[in-house]
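Here's a quick briefing on how a pair of helices pack, plus a look at one loop residue. Have the model open as you read.

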Amino acid sequence: MNEVEVFANPRSAYLHIPFCHRRCFYCDFAVVPLGDKANGEIGPGSASIKSYLKLLHREISIAPKAKPLSTIYIGGGTPSLLSVSQLGALLNHLEKHFGFQDGCELSIEIDPASFNYEDLLGYLDLGINRISLGVQSFEDHFLELMGRRHRRSHLIDACNWLTDAYRKKKLSSWSLDLIKNLPGQDLVHWESQLMQAVETSVPHLSIYDLSIEPGTVFALRKNRGEFALVTDSLSEELSIKTSKILSNAGFARYEISNYALPGHASRHNRVYWDSAGWWGFGQGATSCPWGHRLTRPRTREGYTNWLESQEKNGLDPSLQSFNAKPIDFDDQLMVGLRKREGVDLLLLAIRWGWDRKRGEVYLNSLLKKWQYWLDKGYLQRRGWRVFLSNPEGMEISNQVLVEMFLWWDSLPRDAVLPPNSEEL
Ligand code: SF4
């Protein structure tokens with residue numbers, strides 16, 4: 001796909017389901033905890049879920065008619081809190097509104113202990129062909145420490161069901177998430193986590209570093225000195241071990257946090273890393289049609305008010321009523337560098353609105369800032385394409401990004417303002 005044209009046609013959609021059973025101790029997402037017994041259809045939490053789904057359907061109804069979708073992602077929160085028929089109604093609505101392309105990648109995030117085998121068969125009947133399972137750790141001690149609701153026995157069942165569906169070719173792909181750098185984690189423990197993940201035969205893995213976010217239980221415990229985080233040098237050793245074990249098992253690291261066997265990379269996530277267009281629906285969800293990013297209010301009240309004003313004013317494909325912001329060049333570069341193949345700087349510059357000559361001048365000054373990392377081989381270059389080496393470059397990506405942000409801040413004002421900005 002031509003990167004210059006990529007903004008024109010959003011072909012992806014993200015649906016946000018903001019409910020969880022409980023808030024995990026490290027999580028600061030826009031989620032609504034509904035209790036351990038919550039259920040989409042009956043009993044605790046069902047009224048809240050049903051009223052939210054009405055809003056979500058209303059938002060889909062007023063989206064501009066556009067091209068058929070090629071990737072859809074139902075994320076959260078815990079989308080598996082919804083019943084199969086509630087998920088089916090959302091997908092039917094999306095399909096009626098936009099249409100689905102043949103071979104559309106249809107993904108959902110699910111949590112162990114929030115679905116059973118029958119639900120899984122229901123998801124597959126709806127056409128869901130990619131599932132992301134929030135495992136986080138294979139060990140009860142760490143699951144408890146993180147405030148997760150599921151336990152090892154639940155996730156072993158879930159992995160077995162998904163492996164079975166995948167082997168029987170009812171499911172195209174599935175993935176599991178693990179969190180590394182947990183307090184008390186060491187090399188031996190982490191190696192055993194990775195080996196257990198590989199032994200499930202999962203074809204895709206997402207590995208996230210624990211991040212301590214303000215306002216979370218983990219932040220409180222850290223401030224009280226109740227646990228110590230892993231040191232930078234241990235974190236680096238854990239990362240190098242990860243790359244080694246997964247590469248020996250046939251996985252390619254195609255993005256800083258994602259590893260896949262051949263043919264199993266997520267198409268939907270690539271849309272974000274390419275800063276390509278996508279529709280977003282739901283409380284707190286971000287959409288990015290035509291290169292303009294819009295994040296909806298994170299509270300139910302704020303989202304309801306926003307939706308009502310959009311219904312009144314009409315969602316305008318020209319974005320005049322969207323109050324959306326163009327994705328800045330430095331943001332596009334930051335997410336693009338997460339990919340193994342990196343980014344073509346000159347294509348990005350032209351897409352931003354600089355002409356070739358001006359782009360080359362600015363980009364050469366960026367390359368000068370990056371000279372140290374280029375000389376070390378942590379950042380590599382082919383023509384105007386730059387990419388981080390694996391694993392060393394990916395481990396120091398933050399330092400490369402700091403240099404890039406300093407460069408961006410040093411550019412003349414007319415260079416960093418969005419194209420066609422009224423401020424010019
Ligand atoms: S299940 Fe996921 S989204 Fe929900 S609280 Fe836990 S980490 Fe956050």
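Helix 1 and helix 2 run roughly parallel to each other (an angle under 35 degrees), because their axes cross at roughly 10° and come within 10 Å. This is a predicted model, where local features need pLDDT of at least 70, side-chain atom pairs count only at pLDDT 80 or more, and totals for chains, interfaces and linings use all residues. Residues are numbered from 1 along each chain as its sequence is written.

**The helix pair**
- Helix 1 covers residues 46-62 and helix 2 residues 84-98; helices here are DSSP runs of H or I, at least four residues, and strands are runs of E, at least two, numbered from the N terminus.
- Leu53, Leu56, His57 and Ile60 in helix 1 meet Gln86, Leu90, His93, Leu94 and His97 in helix 2, where a contact means backbone-placed C-beta atoms within 7 Å.

**Two sides of helix 1**
- Ile49, Tyr52, Leu56 and Glu59 are buried, meaning 20 or more other C-beta atoms within 10 Å (12 or fewer is exposed, in between is partly exposed).
- Those buried residues sit within an arc of 80° seen down the axis, so they line one face of helix 1.
- Turned away from that buried side are the exposed Ala47, Ser51, Lys54 and Ser61.
- Packing partners of the buried residues include strand 1 (12-17), strand 11 (279-281) and helix 10 (300-313).

**Lys67**
- Look for Lys67 in the loop between helix 1 and strand 4 (69-76).
- Lys67 counts as partly exposed because it has 13 C-beta neighbours inside 10 Å.
- Leaving aside residues up to four places away in sequence, Lys67 touches Asn9 and Arg11.

Definitions and conventions. Axes are lines fitted to C-alpha atoms, for helices over the stretch in contact, and angles run from 0 to 180 degrees between N-to-C directions. Angles under 35 degrees count as roughly parallel, over 145 as roughly antiparallel, 65 to 115 as roughly perpendicular and the rest as oblique. Two residues are in contact if their C-beta atoms, placed from the backbone, lie within 7 Å. The arc is that of the directions from the helix axis to the C-beta atoms.
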